[in-house]
Amino acid sequence: MKIPQCDRCLLYAHNPHIVCAVHPNGVTENHCPDFREDPNFKEEQQWAPEGYSFYNGELILNRRPRLTREQQLERLNTHHLFTGVCPQCGHQFNLNNPPKINWDCPVCSWVDDSV
């Protein structure tokens, strides 16, 4: 079995049929006792067009722009999923038994369209 550290090992064969000279079929554990760090190894960055990212090797469209740290904290402090409070009227949802899908407010009829 090839393990993640194989890619940066001096003994790695860079061959689809053989992992390395010492362990042709790879190792059976999650580490290799013969690992030798390759000082010339440079991790390859996958290029992605603006607005796209790689996730698990698949190129996907970023649907929303990344939030700044301040925007993330603001979202955590105010969003109804985190606070349990209706953003329109302040109704307190029961966080011991939260809504399964939509957090529509039973008091002011505010509709949660975030799903």
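Colleague: Quick one to start: which residue is the bridge partner of Tyr55 in E2?
Modeller: That would be Glu58. Keep in mind that we're looking at a predicted model.

Colleague: Sure. And how do E1 and E2 run, and how many bridges join them?
Modeller: They run antiparallel, with four bridges joining E1, residues 52-55, to E2, residues 58-61.

Colleague: What do the two strands form, and what's in the turn?
Modeller: A hairpin, with two residues between the strands. Asn56 sits in that turn and has a positive phi of about 55°.

Colleague: Changing topic: how many cavities of 30 Å³ or more does the count give?
Modeller: One cavity reaches that cut-off.

Colleague: What's the volume of the largest cavity, then?
Modeller: About 110 Å³. It has 14 lining residues, and those closest to the cavity's centre are Cys6, Cys9, Val19, Cys20 and Cys32.

Colleague: And how does that lining split by class?
Modeller: The lining of the largest cavity has 10 nonpolar residues, three polar ones and one charged one.

Colleague: Now the outside. Which residues make the nonpolar surface patch?
Modeller: Leu73, Leu76, Leu81 and Phe82 make a patch of about 380 Å².

Colleague: Which elements give two or more residues to that patch?
Modeller: Two helices do: H1, covering 69-78, and H2, covering 80-83.

Colleague: Where is Leu76 found?
Modeller: Leu76 is in helix H1.

Conventions:
Residues numbered from 1 in each chain as written. Predicted model: local features only at pLDDT ≥ 70, side-chain atom pairs only at ≥ 80, totals over all residues. Heavy atoms only, no water. Pairing = 2+ DSSP bridges. 1 Å grid on protein atoms, 1.4 Å probe; cavity = no way out; pocket = protein on both sides within 12 Å on 5 of 7 lines; lining within 4 Å. Points joined across faces, edges and corners; volume = space filled by probe spheres on them. Nonpolar A, V, L, I, M, F, W, Y, C, P; charged D, E, K, R; others polar. Patch = residues over 30% accessible without salt bridge, like charges linked within 9 Å, V, L, I, M, F, W, Y side chains within 5 Å. Areas by Shrake-Rupley, 256 points an atom, 1.4 Å probe, with all protein chains shown as cover. Salt bridge = Lys/Arg side-chain N within 4 Å of Asp/Glu carboxyl O.
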